[in-house]
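Biologist: Hello! Please take a close look at the metal site for me, and at what lies along the chain from there.

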Amino acid sequence: MKLLSYVPSFIKDAARAVKRISQKEFIAVADNTLTELLGIASLFVTMYALRREGDEDVLHLRCAHRQEVALCPHCAALSTDVHQEEPRCVRHLDVWGKKTFLHFLSRRFKCDQCGKVFTEELPFVDSHRLQSAAFEMHVYQSCLTSPRKAVAVREGLSQSTVKEIFNRLAALKKGMGGTTRVLGIDEISLKKRHKQFVLVISDISRKCILAVLPDREKQTLENWIESLSDQQKKAIRFVSIDMWAPYYQAARNNHAGYFQMNNWDICM
Ligand SMILES: [Zn+2]
């Protein structure tokens, strides 16, 4: 008799199976270790919970947003007026070999300029997705070297989810999805920071905020640009700068050559 390897007849999607976890189960983090392991620039970990789920330990990370500003998809203005928040949970790459879920608030902002209410787009997860972009890329790449069925079992996903992720990313890759092609650099003063001016770096094509730099110093901006990978720099085609007049001059004088070095077209 031929022995068949054991395959569970029904594998529930781990992300769909997530229940809301009570506040009591979370423990406050003592340092930045989990934030560094997470590797998502716009989030920091505030609490964690390690839960026994089925026959494995699953890590849940409660995260807060670093940025208090979002880009209006209707008129491209920056907004700091949070209108509504609701909990959201997405599957992310394993941390310490444990299945990992991120818990954070999905925020709706009210635009000061056009008055419309919108849900902010996030750089690490697309809207309505149950998995982070990094996790979906991991699933896609796993499918290039392993059968989808094996990927589904290993990751605790249904085969239909693995197929859907693979097909979606294959289509996005053709259209250069997921990379920043139009970079926006704006300065705003944040009320919560005593009207301190900060630089907001946004991905205008994907309508999300990539970073809020603590000041408008040239060096701070250059350091951020330097932190990008060569692939990220190459993907950028246009840079839109909207800044305070003296800085605008400085940017024209000092940054023009820098941006041209990277073959970026600048609109000011
Ligand atoms: Zn607007």
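Modeller: Happy to start with Cys75, which is partly exposed at a relative accessible area of 28%; Cys114 is likewise partly exposed, at 33%. Partly exposed lies between buried (under 20%) and exposed (over 50%), with a 1.4 Å probe and protein chains only. This is a predicted model, where local features need pLDDT of at least 70, side-chain atom pairs count only at pLDDT 80 or more, and totals for chains, interfaces and linings use all residues. Residues are numbered from 1 along each chain as its sequence is written, and side-chain values use heavy atoms, leaving out hydrogens and water.

Both cysteines bind the zinc ion: its protein donors (N, O and S atoms within 2.8 Å of the metal, or 3.2 Å for Na, K and Ca) are the SG atoms of Cys72, Cys75, Cys111 and Cys114, 2.3 to 2.4 Å away. Angles among these four donor atoms run from 100 to 118°, which makes the site tetrahedral (all angles between 85 and 135 degrees). Along the sequence, the spacing is C-x2-C-x35-C-x2-C. Cys75 sits in the loop between strands E4 (70-71) and E5 (78-79), and Cys114, 39 residues apart from Cys75, in the loop between strands E7 (98-110) and E8 (117-119). Strands are DSSP runs of at least two residues, helices of at least four.

Strand E7 also holds Phe104, whose partner Phe124 lies in the loop between E8 and helix H3 (133-145). Their ring centres are 5.4 Å apart and their planes at 75°, so the pair is edge-to-face (centres within 6.5 Å, planes over 60 degrees apart). Phe104 is buried at 4% relative accessibility, and Phe124 is buried at 8%.

Key
Tetrahedral: all angles 85-135°; square planar, octahedral: opposite > 155°, others 65-115°. Phe/Tyr/Trp six-rings, centres within 6.5 Å; stacked < 30°, edge-to-face > 60°.
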